[in-house]
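Trainee: I should like a close look at one part of this assembly, together with the way its neighbours meet. Please take the structure below as the basis.

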Amino acid sequence: MKYTIKKCITLFISLFFASILTFTAFHIIPGDSALSALGMDATEEQLEEYREIMGLNKSFPERYADWLKNALKGDFGYSSQYQMRMRVSTLIKERLIVTLWLAVLSFMLIVLVSIPLGILSARKKNGILDSLISLVTQVFMSIPSFFLGMLITLIFGVILKWFTPGGYVSPGENFGLSLRFMVFPAIAVAIPKIAMMVKFLRSSLLGEMELDYVRTAKSKGMKNISILFKHILKNALIPVITFLAMMLADILAGTILVEQVFNLPGLGRLLVSSIANRDYAVVQAIILYIVSVVIIINFLVDLIYQWIDPRVRRN
Amino acid sequence: MKIKGKTCSFNYILGLVITSLVILIVLIGFFYTPYDPNKMNAALKNSPPSLSHLLGTDNFGRDILSRVMKGAGTTYIIAVAIVFIGALFGTIAGALTGYFGGWFDEVLMRFNDVLTSFPSILLALVFVSVFGPGTYNIVYALGIIFIPSYARMVRSEFIVLKERDFVKNAKLMGAGNFRIMFVHILPNTKRVLIPSLLIGFNNAVLAEAGLSYLGLGVQPPQASLGRMLSEAQSYMLDSPWCAIAPGLMIILTVLGFSLISGGLENE
Amino acid sequence: MSKEEAILSIEDLTIGFAKQRKMKTVVDHISFDVKKGEILGIVGESGSGKSMTALSVMGLLPASAKILSGGIHFFGTNLLNLEEKELRQLRGTGISMVFQDSMTSFNPLLTIGAQVEEMLRLHSKHTKEEYRALTLEALTEVGLPNPSEIYNRYPHELSGGMRQRAMIAMAMITSPKLVIADEPTTALDVTTQNKILQLLKKMNEKHGMSIILISHDLRVIQSICGRAIVMKDGRIVESGTVTELFAHPGTEYTKQLMAAVPVLFSRSDPGQNEASIMGLKENANTNTEKKDNNADQSKRQEEILVIRNLNVFYPEKGIVFGKKGRKQVIRDVNISLKQGETLGIVGESGSGKSTLAKAIVGLNREIEGVIKINDVAVKDSEISVSRPQMVFQDPYGSLNPTKKIGWILEEPLKLQTNLGKKERMAKVNEIIHQVGLTSEHLERYPFQLSGGQRHRVAIAAALIVNPKLVILDEPVSSLDVTIQAQILGLLKDLQKKYNLTYIFISHDLNVVFQMCNRVCVIYKGEIVEMKEVRELFFSPQNEYTKELLKSAMATV
């Protein structure tokens, strides 16, 4: 119980800090945002009006409190980069599903591919297969995900015509088609992460194999394979779970770049264009969303830990 | 294979070879490139690799080889600067908080935890959106962003090391705190610090490439591998060499150090 | 001894490790038998090859080890010729093993019950209920209370003693003919040790299985083994029945091992008390000599250390932020020490002896009461030349691995004196020779020295600033018997030469008897008895002291 409470406290403190950080970052911008929003031709009254509406005349803590209050309700204000007055929250909702879909697909790919590969390379330690896997993973970790995306587009999209570059289909419309398309950007995001996971899993497994309880299992007359699956794997996966949670942040970062390459209408592309257009309301909102997701998921993983590792349970 | 009595793996040797090659190209690029990397030549737009232009030309007719050489140099310098800032301040912060502990340490650790939830690209984007794009800005941005991970690593080393008997012994002999931290304890962190510098370099290279690709990093006309990739994207089908050359350069740069640090790990 | 009686027969076994193209032999042409129903002891220090021998019988040698010669015959079959599959069948049903560290030998994520039951599931077929019933039966037989509760517990939730019992249950549940126990009691405290050994004996008597008991501790071997073999550097040095071995040790090495274990006097003849204490006999004489010297000089020597009403505390951590509380660890200690004396502090782990040492030296400042060295209060003074120095337990930990020995020795001089480089190096050279090493060692790093050499460096580093008082915290416990003697000798020489005052912290009573004039016994942070050494050993007054002495010594 104490563990759970401590983690909850940490959760709220982290979310709080994150929101302060995000807010502060965008409100220390030098320059007059009224001027940049309305342009040089605006009159003084128009500028004042703008400032009033946007609440720019209030003090810093007040502005933060306002923003936070609204944010918790889901209201992030209005975007400044579109002709029509679009609510930031609307913009985000449309894009969110794309990015989420991409992230989930990538995550599944990572788990499905890296676990068998990791086990394989640990079992065949120092063999030719292991060295090969090692070299290949090193290479893949060195490829920037956007370049990988470009290559994938070239080879599978243009040359082999397995998908239409730029042809995003939402999963709601046509799940099968959507999957066929999305699997490629997911691969681009997943491959460097798979490489990292395989390396990590391999060393976690090898580390466990050295431990005493493996020797005990052998002394009982267990087969090596049984020892691997009944004893070692469980222990080795524990640090892997933390690693996966950490990777979540990386996956989300990866989606930002990959969306650019594949022209996906997701949060990442929105973020980049908002930065270029100085649409700070949108940028703030997106960043807060992403960070909150990461913090919350990490919190959930911490809770799951209790359930998985009996040593953590009672303290 | 043995070098200086230590057994080296094939990967390690490969890493050394690749890195030396890359560094060689970078060094030469500082002093000499076959063409002026910024010189445009409309007549030769998008021409494939030939004897006069070994890697072809891009959509402005600029020689790709020269641009790649200069771009690699830029990338290297930026990455080194980023790692320097991150490692220097991170180590100092980590040493101080790890050694002294106390409430200050607690607060800093919470702060650190929050920062790790921000994917580093995201933080860099925040920075860039506030202060604007540009080479110096991304060096500062990424440098500062790298500080927490070095701080965390050095801090956990210090927390363990400060309980060791040789530290207690040093106290008994009259060594002051700062002497203990930097003369006695710090050299013992070599084992984790050095590989992390290599990894940090790689992360910096990839991060800079990403930012430049998005247009938020190194600004034209300065050559940058990431930027070259974004420019080449539209021409991928017709003139793939525009993208492959800079992409390959990034891969080799990162792979070289990756193989070396992998080789060091296996010692 | 007929061959039919032997269930295990090891013949000319040699095991080696390939290390950088050279083959290092760790077991060298050994031969011995294990008879049906007997408990055979294998005695040896670290590096003697005893564990490797055990692992080779089970077929559990690490991949880098090679069997270079010989055979291991179990009921006539040479185990070395068996396929892995056949060996697997043998493990558990023919031969089982009990390991030293019960915490790490169990899988932390599975329950005790599951792991003990696993042994059963691997070698027999039953229904689910039968498996559970048999497991509970095994757990009961090894003396575990509430077996059904223990069944559901995880390894880290049990005490060391309970875990070790569970491991024995696991090893025995499939009724093996031979059980190999590798240092099964080393990680346990003295009282639990005896209980586990008695359990093994009970199992042997009840089920008739043979046991190979491996230990570095002669007391353990003596308690339940019928026969024993002594191993050193991969060879069998001596073998025979335990009574023979103890009464008339044949080789020099065996004698040395015996000397390390004091024996409690027989109750029948009180007059025999002093004379019948083995190993303490010869040392007793030198000690008397030394004490006579000291008795004369004590009147001329000043009091160097005065401790009065000392209470020492440990800060405690709060839940979220480091809120501080205090825990009292040392209570009302009074000690006075004269120059040239050696005071011994004995106690079990957790009694507070290290805390006391740290307080005296100034590493722990949460104290109440008076500690004065040379009449200067420790609390007030800064670390300075007259400060006491300390020699820590593990020299590998107390020497900075990234610095050369020369640097390590020079550092205290740099910090505490105003000597120039030349003079410092001269002193460093002087001291390194005094501890029996050479200038060449100054250029090396700690990992390049042996255990004994590192101890010498640690002593040199403590003494180079000529402290008046030196505190030695378990300075020889991690050393082999032969090296121990050398280091203790060195300490005595240096003490004589420089008129040093020592405080010796140790749990090893033999060492304490050899080195100290006075001894104080600490229990739960308080001094329960403090006397002149022979008085304490031969006529202890306090109950706890009596307990401590009794459990630490073997019985005749």
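Trainee: In chain C, what percentage of the contacts with a separation of 6 or more comes from residues 24 or more positions apart?

Mentor: The model is a predicted one, and what follows should be read as computed from it. In chain C, 67% of the contacts with a separation of 6 or more join residues 24 or more positions apart. Chain C comprises 556 residues, of which 42% are buried. Its secondary structure consists of 21 helices and 20 strands.

Chain C also touches chain A, in a contact to which chain C contributes 22 residues and chain A contributes 19. On the chain C side, at least two residues each come from helix H2 (84–93), helix H3 (102–105) and helix H4 (112–123). Sorted by class, this side of chain C holds 11 nonpolar, 7 polar and 4 charged residues.

Chain A has a contact with chain B as well, and there 39 residues belong to chain A and 36 to chain B. Four helices of chain B, namely H3 (102–117), H4 (120–131), H8 (190–213) and H10 (241–265), each provide at least two residues of the side that touches chain A. Of these, H10(B) gives the most, with 9 residues. The class composition of this side of chain B is 25 nonpolar, 9 polar and 2 charged residues.

To return to the part requested, chain C combines a buried share of 42% with a contact to chain A that draws on its helices H2, H3 and H4.

Technical notes
Residues are numbered from 1 along each chain as its sequence is written. Chains are lettered from A and ligands numbered from 1 in the order in which they are written. This is a predicted model: local features need pLDDT of at least 70, side-chain atom pairs count only at pLDDT 80 or more; totals for chains, interfaces and linings use all residues. A residue is buried if 20 or more other C-beta atoms lie within 10 Å of its own, exposed if 12 or fewer, and partly exposed in between; C-beta atoms are placed from the backbone. Two residues are in contact if their C-beta atoms, placed from the backbone, lie within 7 Å. Ala, Val, Leu, Ile, Met, Phe, Trp, Tyr, Cys and Pro count as nonpolar, Asp, Glu, Lys and Arg as charged, and the others, Gly among them, as polar.
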